[in-house]
Amino acid sequence: MKRFKKVLALVLAGVLALAMLTACGETADPDSIMPEDGTPEVVMTINNTAANKGLGQVEYSAKYSAVTKALLENWLEWRNDGSNTKYRENYDKITAELGNVKIVVGLTKDTTPLAAQANYNPATRTSFKYDSLFKDESTFNLAEKIGVVYVPTSNGTVYQAVCLFDVN
């Protein structure tokens, strides 16, 4: 019986030692954790389309999704008040924090709101398959990160924006 207890104690000590090692390992980068709001499907669709065209892949970024959200909210604010000057000032404030990072596709500096676009939803700009992201393949290939955001409005419309960022 003493021998059995010693063997059992040794086995249990081994199990505990292995259990402690299971906590070791890499943890997920918080910047790469995607919300479950359709974002994984968007990123997968864009990367699959890029692969089919022989282009590089982009990685989701929560940090750049926050920038994309600020840009979309700025656009929605412009839609309500129509001030191009205020839109541009807010755009410049939002993008100033990016430093050397450039928005290469999406709500870029060249996306100046027009009065004719008052009913325009940026989600429709990229179409169901996000074809406009691939209009200029050389620009797409500059991007390493992608920001995806959905912003619901009080009238029930959900706006979506996708921006690609050149971080190098």
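Here are some worked exercises on the helix α2, the sheet and the nonpolar cores of this structure.

This is a predicted model, in which local features need pLDDT of at least 70 and side-chain atom pairs count only at pLDDT 80 or more, while totals for chains, interfaces and linings use all residues. Residues are numbered from 1 along each chain as its sequence is written, and side-chain values use heavy atoms, with hydrogens and water left out.

**Exercise 1. Place Thr 39 and describe its surroundings.**

Step 1. Find Thr 39 in helix α2, residues 39-52. Helices (H or I, at least four residues) and strands (E, at least two) are DSSP runs, numbered from the N terminus.

Step 2. Is Thr 39 buried or exposed? Thr 39 counts as buried because its relative accessibility is 0%. Buried means under 20% relative accessible area, exposed over 50%, and partly exposed in between (1.4 Å probe, protein chains only).

Step 3. Look for its partners. The side chains of Thr 39 and Asp 37 are joined by a polar contact of 2.5 Å. Such a contact is a pair of N or O atoms within 3.5 Å; within protein, one must be able to donate a hydrogen and the other to accept it, and residues adjacent in sequence count only if both atoms are side-chain atoms. Leaving out residues up to four places away in sequence, Thr 39 touches Met 34, Tyr 60, Val 148 and Tyr 150, where contact means heavy atoms within 4.5 Å.

**Exercise 2. Work out which way α2 faces.**

Step 1. List the buried residues of α2: Thr 39, Val 42, Val 43, Ile 46, Asn 47, Thr 49 and Ala 50. They lie on the same side of α2 because they cover an arc of only 160 degrees around the axis, taken from the directions from the helix axis to the C-beta atoms.

Step 2. Turn to the other side of α2, where Met 44 and Asn 52 are exposed.

Step 3. Ask what the buried residues of α2 pack against. They pack against β1 (59-60), α6 (137-140), β3 and β4.

Step 4. Move past the helix: α2 is followed by Gly 54, whose phi is positive, near 75 degrees.

**Exercise 3. Assemble the sheet around β4.**

Step 1. Write down the strand order. The open sheet of 4 strands runs β1-β3-β4-β2, with mixed pairing. Its edge strands are β1 and β2, each pairing on one side only. Two strands pair if DSSP finds at least two bridges between them.

Step 2. Compare the pairings of β4. With β3, β4 pairs in the antiparallel sense over 8 bridges; with strand β2 (residues 102-105), β4 pairs in the antiparallel sense over 3 bridges.

Step 3. Pick out partners in β4: Val 158 for Pro 152, and Phe 165 for Ile 103.

Step 4. Check the hairpin of β3 and β4. There are 5 residues between the strands, and Gly 156 takes a positive phi near 95 degrees.

Step 5. Note the burial: 8 of the 9 residues of β4 are buried.

**Exercise 4. Find the nonpolar cores.**

Step 1. Start from the term: a nonpolar core is a set of buried Ala, Val, Leu, Ile, Met, Phe, Trp, Tyr and Cys residues joined through side-chain atoms within 4.5 Å.

Step 2. In the largest nonpolar core, of 19 residues, those touching the most other members include Trp 75, Ile 103 and Phe 165. The elements giving two or more residues to this core are α3 (62-81), α4 (84-96), β3 (145-152) and β4 (158-166). α3 gives the most, with 7 residues.

Step 3. Apart from this core lies another, of 17 residues, among them Ala 50, Leu 55, Val 148 and Leu 164.
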